[in-house]
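Here are some short exercises to work through with the model open beside you. Try each task before you read its solution.

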Amino acid sequence: MDKKNALRAGALAAGTTLMMLLMTSPALALTRDDGDDPGPGLSVIETLGLFVVAPIALFVVIAGLVMVLDRSKEEHRVTTRNIKTKAGAKA
């Protein structure tokens, strides 16, 4: 019974997405608006730097700052040294 519901939901989602894609008209994207003044395009290197390298570098900087400025107490950190198990506990 669950397979039927999942199949029905998947078919509905796929059908809705397909209809939305078919009904959108990309033809207006070719028409320039009044006052539209696009700048020069980006090269491949600039695009990769802006959309790949910059977010990764930002993530590394933020993660590094979090690790360096971490002031939590040792007993609150989860390490193998401070895990206490009950004697005779079953896994």
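**Exercise 1: The second helix**

Task: Compare the reach of H2 with the span expected for its number of residues, then find where H2 bends.

Solution: Start with the length: H2 has 25 residues, and its first and last C-alpha lie 34 Å apart, close to the 36 Å expected at 1.5 Å a residue. Keep in mind that this is a predicted model. Next, follow H2 along residues 44–68. A bend of about 35° appears at valine 53, and proline 55 follows within four residues.

**Exercise 2: Two residues of H2**

Task: Classify threonine 47 as buried, partly exposed or exposed, and list its contacts beyond four places in sequence.

Solution: First place threonine 47, which lies in helix H2. Its relative accessibility is 30%, so threonine 47 counts as partly exposed. Then set aside the neighbours within four places in sequence: threonine 47 is in contact with Leu42 and Val52. Now turn to valine 52, also part of helix H2. With 38% relative accessibility, valine 52 counts as partly exposed. Leu42 and Val52 both help make a nonpolar surface patch of about 1000 Å², along with residues including Phe51, Ile56 and Phe59.

**Exercise 3: The first helix and the whole protein**

Task: Decide whether H1 lies largely in the open or not, and then look at burial across the protein.

Solution: Helix H1 covers residues 2–23 and reaches 31 Å between its first and last C-alpha, close to the 32 Å expected. None of the 22 residues of H1 is buried, so H1 lies largely in the open. Widening the view, the protein has two helices and zero strands. Buried residues make up 0% of its 91 residues. Finally, the protein exposes about 9200 Å², with 68% of that supplied by carbon and sulfur atoms.

Terms used: Residues are numbered from 1 along each chain as its sequence is written. This is a predicted model: local features need pLDDT of at least 70, side-chain atom pairs count only at pLDDT 80 or more; totals for chains, interfaces and linings use all residues. Side-chain values use heavy atoms; hydrogens and water are left out. The expected span of a helix is 1.5 Å times one less than its number of residues. Buried means under 20% relative accessible area, exposed over 50%, partly exposed in between (1.4 Å probe, protein chains only). Accessible areas come from the Shrake-Rupley method with a 1.4 Å probe; for residues, only the protein chains shown count as cover. Patches are made of residues with over 30% relative accessible area and no salt bridge: like charges are joined within 9 Å, nonpolar side chains (Val, Leu, Ile, Met, Phe, Trp, Tyr) within 5 Å. A salt bridge is a side-chain nitrogen of Lys or Arg within 4 Å of a carboxyl oxygen of Asp or Glu. The bend at a residue is the angle between axes fitted to the seven residues ending there and the seven starting there. Contact means heavy atoms within 4.5 Å.
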